[in-house]
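Here is a short set of exercises to work through with the viewer open. Try each task on your own before reading the solution below it.

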Amino acid sequence: LTVDDEIRFKYHVDVLLLFGKDYKAHMTATYSPDDEWCVWFPKLYQNGDWDNKLLEDGKLVVMERKHEGVIQEKSMVFPEDQPGKRIIFAHLIDPLTGNKYYKFIGIFTELVGTFQKASRTRTSEILYFDGKGRFDIKQLSSKV
């Protein structure tokens with residue numbers, strides 16, 4: 001699966017099938033397939049608590065907490081509480097139809113920043129699956 005693929009997933013459970021999980025429902029923003037990785041389903045549009053954005057041609061995800069949001073700081077998961085890199089399937093809205101869907105946008109670093117504003121940097125654009133729930137990631141080269 002690459003970030004250039006135009007594959008849309010309607011629900012979290014559709015994405016989790018790639019990881020070998022056949023759930024009836026999944027309502028949390030994350031899923032941990034192992035101790036190192038976490039699948040994250042952020043809304044990349046303004047919502048009641050966050051104004052999340054994809055910047056720098058998809059290479060940076062910025063999370064900014066809205067002051068009028070209802071999420072309390074004590075309920076927020078900080079990097080030290082849930083370490084690991086993120087496999088991100090962003091929740092997006094089709095500008096023509098208004099339909100919401102999830103799309104793979106890449107592999108990102110651990111969170112850097114504060115509870116109010118933080119970011120993650122993309123390290124890979126490709127996610128490989130073996131069809132049995134296992135996955136592999138090819139990191140972006142640091143060479144120019």
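Which residue in strand 8 is the bridge partner of F108? The partner is R122. Keep in mind throughout that this is a predicted model.

**Exercise 1. Follow strand 6 through its neighbours.**

Task: Find the strands that pair with strand 6 and decide how enclosed strand 6 is.

Solution:
- Step 1. Begin with strand 5, which pairs with strand 6 in the antiparallel sense over eight bridges. A handy register mark is A90, whose bridge partner in strand 6 is K103.
- Step 2. Look at the connection. Strands 5 and 6 make a hairpin with six residues between them, and G98 in the turn has a positive phi of about 80 degrees.
- Step 3. Turn to strand 8, residues 117-124, which runs antiparallel to strand 6 and is joined to it by two bridges. The F108 and R122 partnership from the opening question belongs here.
- Step 4. Check burial. Eight of the nine residues of strand 6 are buried, so this strand is largely enclosed by the rest of the structure.

**Exercise 2. Map the nonpolar cores.**

Task: Which residues touch the most other members of the largest nonpolar core, and which elements supply two or more residues?

Solution:
- Step 1. The largest nonpolar core has 17 residues, and F19, I87, F89 and L127 touch the most other members.
- Step 2. Two or more residues come from each of helix 1 (12-16), strand 2 (37-40), strand 5 (85-93), strand 6 (100-108) and strand 10 (135-137).
- Step 3. Strand 6 gives the most to this core, with three residues.
- Step 4. There is also a second, separate core of 14 residues, which includes W50, M63, Y101 and A118.

**Exercise 3. Classify two aromatic pairs.**

Task: The structure holds eight aromatic pairs. Take F19 with F129, then F41 with Y102: what is the geometry of each pair?

Solution:
- Step 1. For F19 and F129, the centres are 5.2 Å apart and the planes make an angle of 85 degrees, an edge-to-face pair.
- Step 2. Place both rings in the chain. F19 is in the loop between helix 1 and strand 1 (30-31), while F129 is in strand 9 (residues 127-129), so the pair ties together parts that are 110 residues apart in sequence.
- Step 3. Compare the surroundings. F19 has 4% relative accessibility and counts as buried, whereas F129 is partly exposed at 26%.
- Step 4. F41 and Y102 are edge-to-face too, with 5.5 Å centre to centre and 80 degrees between the planes. This pair links distant parts of the chain: F41 belongs to the loop between strand 2 and strand 3 (50-55), and Y102 belongs to strand 6, 61 residues apart.
- Step 5. F41 is buried at 5% relative accessibility, and Y102 is buried with a relative accessible area of 10%.
- Step 6. Zoom out to find F41 and Y102 in one aromatic cluster with F9, F89 and F104.

**Exercise 4. Find charges over rings.**

Task: Over which rings do R8 and R120 lie?

Solution:
- Step 1. The charged end of R8 sits over the ring of Y101, at 3.9 Å from its centre.
- Step 2. R120 lies over the face of W40, and the distance to the ring centre is 5.2 Å.

**Exercise 5. Inspect three salt bridges.**

Task: With an N to O cut-off of 4 Å, the count comes to five salt bridges. Describe those of K85, R122 and R134.

Solution:
- Step 1. K85 pairs with E36, and their closest N and O atoms are 3.4 Å apart. K85 lies in strand 5 and E36 in the loop between strand 1 and strand 2, so the contact ties together parts that are 49 residues apart in sequence.
- Step 2. Both ends are partly exposed: K85 has a relative accessible area of 29% and E36 has 42%.
- Step 3. R122 meets E125 at 3.1 Å, N to O. R122 is buried at 11%, but E125 counts as partly exposed at 27%.
- Step 4. R134 meets D130 at 2.9 Å, N to O. R134 counts as exposed at 53% relative accessibility, while D130 is partly exposed at 35%.

Methods
Residues are numbered from 1 along each chain as its sequence is written. This is a predicted model: local features need pLDDT of at least 70, side-chain atom pairs count only at pLDDT 80 or more; totals for chains, interfaces and linings use all residues. Side-chain values use heavy atoms; hydrogens and water are left out. A nonpolar core is a set of buried Ala, Val, Leu, Ile, Met, Phe, Trp, Tyr and Cys residues joined through side-chain atoms within 4.5 Å. Buried means under 20% relative accessible area, exposed over 50%, partly exposed in between (1.4 Å probe, protein chains only). Helices (H or I, at least four residues) and strands (E, at least two) are DSSP runs, numbered from the N terminus. Two strands pair if DSSP finds at least two bridges between them. Rings of Phe, Tyr and Trp (its six-membered ring) pair if their centres lie within 6.5 Å; planes under 30 degrees apart count as stacked, over 60 as edge-to-face and the rest as tilted. A charge sits over a ring if NZ of Lys or CZ of Arg is within 6 Å of the ring centre and within 35 degrees of the ring normal. A salt bridge is a side-chain nitrogen of Lys or Arg within 4 Å of a carboxyl oxygen of Asp or Glu.
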